[in-house]
Amino acid sequence: MKVRSEGRVINKSAYLAIGINVEGLKDVLGIWLEQNEGAKFWLKVMTELKNRGVKDIFIACIDGLKGFPEAIEAAFPKTEVQLCIVHMIRGSLRFVSWKDRKAVVADLKGVYQAVSEELAQENLEIFARKWDGRYPTISKSWQANWQRIIPFFANPEEIRRIIYTTNTIESLNNTLKKTIKNRASFPNDEAAIKLLYLSLKNIQKKWTMPARNWGKAINQFAILYGDRMP
């Protein structure tokens, strides 16, 4: 978003966090307008959420933002930080030729759809032997992020479906982009946040149903996080 600051127009990004509560309902937890993000910014965000009343987070599903996992763990030490699998797949396909994409995706499924961490590791090694000659960065990327990927395999299918992707927030972002696309610039941060807030209030009116198969998922959460369930 283009925002006027100290007499000039600069680019700022609006960051959003969505939470799913124990009823399975989505809620936007906050909007933060910032020119540059990093570990210090993310710690400020997480500390603000905590101070405003977020008592616990079971699982945080994020993309690969630098310093974000550490900030989450500093504010909420018990939280399981899970990298978005869809982001990992997209990153893997960035430099893959069109003729190989279908085959690469099929082989990556053997990794992220594995029933256990051990089988996922074996399938990643098979993938590396097959594709490292042409696309060595793919297996290296998965190995480098492995510690943030493997929590996924410890969860039952009902929970995996919920944390598999951050598409919920990406869909929200796309809707907000349509709202602001005709705005040349905003006079200040408050004006930018106000427009986003009003748009979000309209969007949230449609959020009346819990996440799909939430009844099954909450039973699994109750088993895994029983002592922390409110």
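## Exercises on a predicted model

**Exercise 1.** In this predicted model, determine which residues W146 touches, leaving aside residues up to four places away in sequence.

*Solution.* Take heavy atoms within 4.5 Å as the criterion of contact. Once the sequence neighbours up to four places away are set aside, W146 touches V111, E117, A120, Q121, L124 and F153.

**Exercise 2.** Identify the residues with the most contacts inside the largest nonpolar core, and the helix that supplies the largest share of this core.

*Solution.* Begin with the extent of the core: the largest one has 49 residues. Within it, the residues with the most contacts are M46, W142, W146 and F221. Next, assign the core to secondary structure: helix α1, residues 39–51, gives the largest share, with five residues. Finally, look beyond this core: another core of 16 residues lies apart from it, and includes L16, V28, I31 and L200. As a general point, nonpolar side chains in soluble globular proteins tend to be buried together.

**Exercise 3.** Describe the protein as a whole: its secondary structure, extent, burial and contacts.

*Solution.* First, count the elements: the protein has eleven helices and six strands. Second, consider extent: along the principal axes, the C-alpha atoms fill a box of roughly 55 × 45 × 30 Å. Third, apply the burial cut-off of under 20% relative accessible area; 39% of the 230 residues count as buried. Fourth, turn to contacts with a separation of 6 or more: 60% of them join residues 24 or more positions apart.

**Exercise 4.** State how far apart the mean positions of the positive and negative charges are.

*Solution.* The protein has 36 positive and 24 negative charges. Their mean positions are 9 Å apart.

Terms used
Residues are numbered from 1 along each chain as its sequence is written. This is a predicted model: local features need pLDDT of at least 70, side-chain atom pairs count only at pLDDT 80 or more; totals for chains, interfaces and linings use all residues. Side-chain values use heavy atoms; hydrogens and water are left out. Helices (H or I, at least four residues) and strands (E, at least two) are DSSP runs, numbered from the N terminus. Buried means under 20% relative accessible area, exposed over 50%, partly exposed in between (1.4 Å probe, protein chains only). Lys and Arg count as positive and Asp and Glu as negative; His and the chain ends are not counted. The place of a charge is taken as NZ of Lys, CZ of Arg, CG of Asp or CD of Glu. A nonpolar core is a set of buried Ala, Val, Leu, Ile, Met, Phe, Trp, Tyr and Cys residues joined through side-chain atoms within 4.5 Å.
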